[in-house]
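Reader: Hi, I'm new to this one and would like a close look at a single part of it. Could you take me through chain A, and then show me how it sits with its partner?

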Amino acid sequence: MKLSEIKDLLQAEILCGKNLSVDIKFACGSDLMSDVLASCKEKAALLTGLTNAQVIRTAEMIDISAIIFVRGKRPSKEVVEMALEKGIPVLLTKLPMYEAAGILYTNGLKGTSEVDDD
Amino acid sequence: MNKNFLLKMSFDIEGNNFNAAGAASSEIKRKLKQIGLNSDVVRRAAVSAYEAEMNIVIHAYKGVLTVTVSPGEINILAEDEGPGIADIELAMKEGYSTASDDVREMGFGAGMGLPNMKKCSDKFEIKTELGVGTKVSMTIYY
Ligand SMILES: Nc1ncnc2c1ncn2[C@@H]1O[C@H](COP(=O)(O)OP(=O)(O)OP(=O)(O)O)[C@@H](O)[C@H]1O
Ligand SMILES: [Mg+2]
């Protein structure tokens, strides 16, 4: 699924990132970064309600393709700048986590556990 | 450890400093990528380093994170001055965490760090002394 499609489905605002044609293979969602580090795969989109710098660090470590902040929680300018610097696109949706995840899932974006390891 | 290392870097990690947390691992990841290691190896090393760095920030007073790349292997050593771990077997269990609510609000304290560090590395050793500190050594072969 293209990032542009995710943006439309979630009626999201783009906080940084110009290339919305990147292909997102699957997604994961959590507010606990160690969960993300243990279960998310590269090229996944990360949905989270946490908005601090550790989200960007976590995304950087496991090569997350895009970060989607949920329930309208806006990260600080510093956090967005950090993502920009790392080349990670960032979206913001007003939808809560459950609904955002549900919409993406019913539109065909799989979870990371449903994808075979290479 | 092989003395013919290709790359060695050390970082001082400050306990409780969440602003700086992750900066060392970010630099480690950048360097490992730069020397051309494959992306799976880089990723496993980066996750191991980051979880170790966060454990120092969250649970210890201060520490040093050292990464040594030798032909065929990467070693990540996290040594800290801190409270130590009373029961290592328990600490290694997925979901076990003594992290405070404050730490959980910052996105840590799932109790997944140590088990994931073990999963990401080919060799995992942990030594700890109560009231003194903890030493975690992880080796990844490439
Ligand atoms: N360096 C350390 N010094 C003292 N105690 C530690 C250290 N590392 C881990 N521990 C203890 O072991 C427990 C489990 O560690 P682990 O990294 O698995 O989980 P966590 O740090 O609590 O949460 P998470 O890593 O998921 O954010 C910790 O809650 C803490 O009690
Ligand atoms: Mg931890």
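Author: Chain A has five helices and six strands, where helices (H or I, at least four residues) and strands (E, at least two) are DSSP runs numbered from the N terminus. Follow the sequence and you'll meet them in the order α-β-β-α-β-α-β-α-β-α-β. The radius of gyration of chain A is 12 Å, close to the 13 Å that the globule rule gives for 118 residues, so chain A is as compact as a globular protein of that length. That radius is taken over C-alpha atoms, and the globule rule is 2.2 Å times the number of residues to the power 0.38.

A word on the ground rules: this is a predicted model, in which local features need pLDDT of at least 70 and side-chain atom pairs count only at pLDDT 80 or more, while totals for chains, interfaces and linings use all residues. Residues are numbered from 1 along each chain as its sequence is written, chains are lettered from A and ligands numbered from 1 in the order in which they are written, and side-chain values use heavy atoms, with hydrogens and water left out.

Back to chain A. Its C-alpha trace spans about 35 × 30 × 25 Å along the principal axes. Buried residues make up 49% of its 118 residues; buried means under 20% relative accessible area, exposed over 50%, and partly exposed in between (1.4 Å probe, protein chains only). Take the contacts in chain A between residues at least 6 apart in sequence, and 50% of them join residues at least 24 apart. Contact here means heavy atoms within 4.5 Å.

On the outside, chain A exposes about 5600 Å², with carbon and sulfur atoms supplying 50% of it. Such areas come from the Shrake-Rupley method with a 1.4 Å probe, and for residues only the protein chains shown count as cover. Chain A also carries 14 positive and 17 negative charges, whose mean positions are 6 Å apart. Lys and Arg count as positive and Asp and Glu as negative, leaving out His and the chain ends; each charge is placed at NZ of Lys, CZ of Arg, CG of Asp or CD of Glu.

One spot to zoom in on is D63(A), in the loop between α3 (53-61) and β4 (66-69) of chain A. Most residues other than glycine have a negative phi. Phi of D63(A), though, is near 55°, a positive value in a residue other than glycine. D63(A) counts as partly exposed because its relative accessibility is 25%.

Now for the partner. 20 residues of chain A are in contact with 23 residues of chain B. Between them the two chains bury about 1800 Å², 51% of it on carbon and sulfur atoms; buried area is the accessible area (1.4 Å probe) that two parts lose on being put together, summed over both. On the chain B side, look for K29(B), R43(B) and Y50(B): they supply 31% of the area that chain B buries against chain A, more than any other three residues.

As for chain B itself, you'll find five helices and five strands there, running β-α-α-β-β-α-α-α-β-β along the sequence. Buried residues make up 51% of the 142 residues in chain B. Chain B has a positive phi to look at too: N16(B), with phi near 70°, lies in the loop between β1 (7-14) and α1 (23-34) of chain B. At 60% relative accessibility, N16(B) counts as exposed.
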